[in-house]
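Colleague: Before I use any of these labels, I would like to hear what stands behind them. Can we go through the model together?

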Amino acid sequence: MKYGNHTQGLLAIAIAAVLLMPLALFALLYPSLENILYRQIEWHGMQVAGHLASSLVLPGGELAASSGRDLAGQEVQLRHAFNLMKIRVVAADNSIVYSSAADEVGRTATDFGDGEKAATAFAILQDSRGVAPAMAAGADIARVSMALEGHDGLRLVTYTDVSDLVAAKDALLGKAAISLLALAVVFLTLAFFVARLANRRITRHLAVGEDLLAVSETRFQELFNNMTSGVIVFAARDAGRQFVVLGCNRTAEQLQGVRQEQAVGRPVEECFADFVQAGLPGVLDRVWRSGRQIRHSYTVAAGEGELFREASVYKLSSGELVALIDDVTARQQAEEGNRRTMKKLRRSLAGTIEALAMMVETRDPYTAGHQRRSTNLARAIAEEIGLESEMIDGIRMAGALHDIGKLSVPAEILSKPGKLGPLEFNLVKIHPQAGYEILKGIDFPWPVASIVLQHHERLDGSGYPAGLAGDDILIEARVLAVADVVEAMASHRPYRPASSLDDVLREIENHSGTLYDQQVVEACSRLLRERRFRLD
């Protein structure tokens, strides 16, 4: 019903506007139309006066009236032709020197209300005062005053009956008023029917909109109350020094143990004690001042244990604050269980790797500790060049197993005290491929098998087993390759003594960029020379 009243009011305003528009238009145009018509009358009077002026002045400049000529014969014709009521010639001192009324000659023009001094003047007289008795009483008269050319001070004054013109003017303006009024009625009728039609449609649409709004409100309320997250709305008071609860959903009631009716209108400190302990009033203040969303995790004491909560607080455009609260206890417990499980798995994996490494060292007693020392150096180099922690973990695992392929090499070759022959060395060179075959079926979180396979490859393609070159070699394998060479040269073998640190570094530096990665070589040199890294 309220929508109907509203549209009826709009309809009334529209009708009034349409009705007033033509009237306002007429009010604006009336002065202009009247002025145009009066100008037409003036023009007519000036034409008459001009013609008479030329008749009163003789070719030699002599005034016909002053020369004694009789104008009576012409006057009747002129007055009839131009609808004139009277003619006067007035001197500069306002004395009448000629008049179509003979008794006026010699008298003063001011005696008849015609004393203006202007060279040319125009007026419409609404009565016949000061005009000769021959003029019709109440006639509309156009009085025109015009200077006579060549006769200083003399002016011609004509009185013309313009009643017909004025009546025509009034009739024209009347017709214009009637036309505009008829136009207003037409507009009013159209506006009425258009407004009625619009009113029906608007009322129908508003009714539909009201129904949709009611449905939307119901839907929103149901969504709000059935959200799995607790929702609490706050309003700032006293410039953010206090935050008052405006409302909350059912989940928030369950999480906080407080009914909405008990919380609404109260400060947060009075109804949510755990909020104070968790520092949430401070979070509300920061969000209210900055407008940035803040996530805040906190715990709530529950018997002998504790509950984990997570709050996300943000600010609405209205200035109100909303806190979304989730109970993440189950998730935290699951994550903690996963962390413990991962720790156990890592310890088990580390034990398995250590056992495999010990198997290799048992078969190759001359290189006992080589994998461990190479691994330690490779990890230090990786940290020095800034590799990610995940990649460093992969290097550590691959380093501990990089010689596991030697399990496939005959023990007598591995334990031979002298230098190996070409055939024996070729058998040893298969250990990267053999190690890859052993490890490729294990689902490591790092490319351990590929690192083991490539740790004897060289940048120029001269390495083995695949002759890879450049960036085709994993960066982890390039790190392990340098560490493997440095540790092997620096360690004693039955068939050769250990090389000095300077000789070892000279070897890798001389082949930096050709056999070994330049960045890795530089990092290794810094560790051994400047950082005093010890292989043992």
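Colleague: What makes the lining of the second largest cavity nonpolar, polar or charged, by class?

Modeller: This is a predicted model, in which local features need pLDDT of at least 70, side-chain atom pairs count only at pLDDT 80 or more, and totals for chains, interfaces and linings use all residues. Residues are numbered from 1 along each chain as its sequence is written, and side-chain values use heavy atoms, with hydrogens and water left out. Ala, Val, Leu, Ile, Met, Phe, Trp, Tyr, Cys and Pro count as nonpolar, Asp, Glu, Lys and Arg as charged, and the others, Gly among them, as polar. The lining of the second largest cavity therefore splits into 7 nonpolar, 1 polar and 4 charged residues. Among the lining residues are Gln454, Arg458, Ile473, Val482 and Tyr516.

Colleague: Why is this called a cavity, and the space of about 840 Å³ a pocket?

Modeller: On a 1 Å grid over the protein atoms alone, a cavity is a set of points where a 1.4 Å probe fits but cannot get out, whereas a pocket is an open set with protein on both sides within 12 Å along at least five of seven lines; lining residues have an atom within 4 Å of a point. Grid points are joined across faces, edges and corners, and a volume is the space filled by probe spheres set on the points. By this rule there are 2 cavities of 30 Å³ or more, and the second largest holds about 60 Å³. The space of about 840 Å³ is the largest pocket. Of its 25 lining residues, Lys406, Phe425, Val428, Arg493 and Tyr495 are the closest to its centre.

Colleague: Which helix gives the most to each of these two linings?

Modeller: Helix H16 (residues 475-490) does so for the second largest cavity, with 4 residues. H16 also gives the most to the lining of the largest pocket, again with 4 residues. Helices here are DSSP runs (H or I, at least four residues), numbered from the N terminus.

Colleague: What makes the set with Ile381, Val482, Val486 and Ile508 a nonpolar core?

Modeller: A nonpolar core is a set of buried (under 20% relative accessible area, 1.4 Å probe, protein chains only) Ala, Val, Leu, Ile, Met, Phe, Trp, Tyr and Cys residues joined through side-chain atoms within 4.5 Å. The largest such core has 42 residues, and those four have the most contacts inside it. H16 supplies its largest share, 7 residues. Leaving aside neighbours within four places in sequence, Ile508 is in contact (heavy atoms within 4.5 Å) with Val482, Val485, Val486, Tyr516, Val521 and Cys524.

Notes: Buried < 20%, exposed > 50% of the residue type's maximum accessible area, 1.4 Å probe, protein only.
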